[in-house]
Amino acid sequence: MWSSIMGLQHLTSAMLQQGALVSSTSGGTYNWQRLHAAAIDQNFTDRERIREPSTRISKRLFDVTATLLLLALLSPLLIVIALLARRDGGSVLFGHRRIGARGQTFKCWKFRTMVPNAEKVLAQLLASDPAARAEWDRDFKLKNDPRITPVGQFLRVTSLDELPQLFNVLAGEMSLVGPRPIVTDEVRRYGAAFHDYARCRPGITGIWQISGRNDIGYRERVQLDQNYARHWTFIADLAVLLRTPFVVLRRSGAY
């Protein structure tokens, strides 16, 4: 009883602090670490952590075992893709900082699919094309992205560019199944649902990927991630993994 009262007081205090922070950041810099301090707290009790997908022992054991098997089976394909990505003189891999479980940032690896000066090309496009600017602000993606190389386009629509994330899984930064890893600019878009996102390791595949990917709205994507975090089951993960190859072959919502 006493623990329940204390927990309620702690929750109320956190909500009041969050409300104050929302007001203070609405006109200035969005300090997501302060705003979502409860979500990224590393000192949760065992009782609180036991419900989180990121702490499930069965999920982690399956991730490691399945990833080692996949790396062994896919190693020839990984070598071929690496050689193709290297042809234009750029690096083979591209690492981008993403937010993982409990708000910990990590470098998410992909095969490079863009031209070497991608940031400059993007900046020029967004400065000169209002439609592209609006699309980028809405989705953080461009359907007709001038930065993508011909080889990169094929890798993207087939999702083969994400295979290096198997090493992120081995490192414990990602899972085979979970929400797609987001960048810091996307935390604001998640709002209170970020607390659910932070309960999971980001996934190479997930509910969003098998539900239409870029063909569905961002708000629906957030709802799918929230539902996954709150109702995770091992069987559901297996179902997602089994459906993923068919979705990839159909190239549903991939660009």
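The largest nonpolar core of this predicted model comprises 24 residues, and the members that touch the most others are Ile-81, Phe-111, Leu-155, Leu-163, Met-174, Leu-176 and Ile-204. Several secondary-structure elements supply two or more residues each to this core: the helices are H4 (57-85), H7 (150-157), H8 (165-170), H11 (218-230) and H12 (234-250), and the strands are E2 (105-111) and E3 (175-177). Helix H4 makes the greatest contribution, giving four residues. In soluble globular proteins, nonpolar side chains tend to be buried together.

Leu-176 offers a view of the surroundings of one such core member. Leaving aside residues up to four places away in sequence, Leu-176 touches Phe-62, Asp-63, Ala-66, Thr-67 and Leu-70, together with Leu-166, Val-169, Gly-203, Ile-204, Thr-205 and Leu-241. Ile-204, listed here as a contact of Leu-176, is likewise among the core residues that touch the most other members. Apart from this core there is a second, separate one of 15 residues, whose members include Tyr-30, Ile-99, Ala-193 and Phe-194.

The discussion now turns to charged side chains. Side chains of opposite charge can pair when their charged atoms come close. The structure holds eight salt bridges. One of them joins the side chains of Arg-180 and Glu-162, with an N to O distance of 3.5 Å. This pair connects distant parts of the chain, 18 residues apart: Arg-180 lies in the loop between E3 and helix H9 (187-190), and Glu-162 in the loop between H7 and H8. Arg-180 and Glu-162 are both buried.

A further set of pairings is centred on Asp-196, which forms salt bridges with Arg-199 and with Arg-230. Between Arg-199 and Asp-196, the closest N and O atoms are 3.4 Å apart. Arg-199 counts as buried because its relative accessibility is 17%, which falls under the 20% limit. Asp-196 has a relative accessible area of 7%, and therefore it is buried by the same limit.

In the salt bridge between Asp-196 and Arg-230, the closest N and O atoms are 3.2 Å apart. Here too the pair links distant parts of the chain, since Asp-196 belongs to helix H10 (residues 194-197) and Arg-230 to helix H11, 34 residues apart. Through shared partners, these salt bridges join Asp-196, Arg-199 and Arg-230 into one network. Helix H11, where Arg-230 is located, is also one of the elements that give two or more residues to the largest nonpolar core.

Technical notes
Residues numbered from 1 in each chain as written. Predicted model: local features only at pLDDT ≥ 70, side-chain atom pairs only at ≥ 80, totals over all residues. Heavy atoms only, no water. Core = buried A, V, L, I, M, F, W, Y, C linked by side-chain atoms within 4.5 Å. Buried < 20%, exposed > 50% of the residue type's maximum accessible area, 1.4 Å probe, protein only. Contact = heavy atoms within 4.5 Å. Salt bridge = Lys/Arg side-chain N within 4 Å of Asp/Glu carboxyl O.
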